[in-house]
Amino acid sequence: MRLYPAASFVTREALEETRIGNILVPKGVCIWTLIPTLHRDPDIWGSDANEFKPDRFIDGVSKACKSPQGYIPFGLGTRLCLGKNFAMVQLKVLLALIVSKFTFSLSPSYRHSPVFRMLVEPEHGVHVQIQRI
Ligand code: HEM
């Protein structure tokens, strides 16, 4: 959800002229926040930003990075994803059921090539070898 968040971006339109820090956003301008870029920003996550380290979340999201807005796989604010809690419960239940019965390893034919369309997708699919435990 941090390194390869499902959604590539969130967008907001300035309904009136708005100042964000020292940037003046004119009325009508759309701002696109690129979630994968934000989630790998070393200024927010540290020099190991590109490393898979689930331990960084051990004390919750607020302690994992420098800004509470630095981790937004489900967006932020009043238009936050409606299905956030549902999706997280589903993912945890599904993953727990799968890893209790199978082991996974990447197939030698797997080519790592994430593409950033509306969703972050594996360009050539995810080739895995699955074994029943
Ligand atoms: C891993 C799964 C999911 C991810 C990563 C995800 C991500 C997102 C993101 C980034 C947004 C935009 C939020 C913003 O603009 O601040 C969004 C909006 C939304 N999502 Fe999800 N979503 C997921 C699953 C779901 C599910 C399961 C549902 C419904 C059951 C759902 C329903 C919605 C709805 C209705 C919105 C629009 C909310 C609004 O504009 O007020 N999402 N989602």
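**Exercise 1.** In this predicted model, identify what lies 3.0 Å from an oxygen atom of the ligand at Leu76.

Solution. The atom at Leu76 is a backbone N or O atom, 3.0 Å from a ligand oxygen. Two arginines approach ligand oxygen atoms through polar side-chain atoms: Arg12 at 2.7 Å and Arg79 at 2.8 Å.

**Exercise 2.** Describe the shell of residues around the ligand.

Solution. Start with the count: 15 residues surround the ligand, and the closest are Arg12, Gly75, Leu76, Arg79 and Cys81. Next, sort the shell by residue class, which gives 11 nonpolar, 2 polar and 2 charged residues. Finally, look at secondary structure: β1 (9–13) and α4 (84–99) each contribute at least two shell residues.

**Exercise 3.** Determine which residues form a network of salt bridges, and classify their burial.

Solution. The model holds 3 salt bridges. Asp48 pairs with Lys53, with the closest N and O atoms 2.7 Å apart. Asp48 also pairs with Arg56, here at 3.4 Å between the closest N and O atoms. Asp48, Lys53 and Arg56 are therefore linked in a network. For burial, Asp48 has a relative accessible area of 18%, which is under 20%, so Asp48 is buried. Arg56 is buried as well. Lys53, at 37%, lies between the cut-offs of 20% and 50% and is therefore partly exposed.

**Exercise 4.** Classify the two partners of the salt bridge between Arg117 and Glu121 as buried, partly exposed or exposed.

Solution. The closest N and O atoms of this pair are 3.0 Å apart. Arg117 has 46% relative accessibility, so Arg117 counts as partly exposed. Glu121 has 29%, so Glu121 is also partly exposed.

Notes:
Residues are numbered from 1 along each chain as its sequence is written. This is a predicted model: local features need pLDDT of at least 70, side-chain atom pairs count only at pLDDT 80 or more; totals for chains, interfaces and linings use all residues. Side-chain values use heavy atoms; hydrogens and water are left out. A residue is near a molecule or strand if one of its heavy atoms lies within 4 Å of it. A polar contact is a pair of N or O atoms within 3.5 Å; within protein, one must be able to donate a hydrogen and the other to accept it, and residues adjacent in sequence count only if both atoms are side-chain atoms. Helices (H or I, at least four residues) and strands (E, at least two) are DSSP runs, numbered from the N terminus. Ala, Val, Leu, Ile, Met, Phe, Trp, Tyr, Cys and Pro count as nonpolar, Asp, Glu, Lys and Arg as charged, and the others, Gly among them, as polar. A salt bridge is a side-chain nitrogen of Lys or Arg within 4 Å of a carboxyl oxygen of Asp or Glu. Buried means under 20% relative accessible area, exposed over 50%, partly exposed in between (1.4 Å probe, protein chains only).
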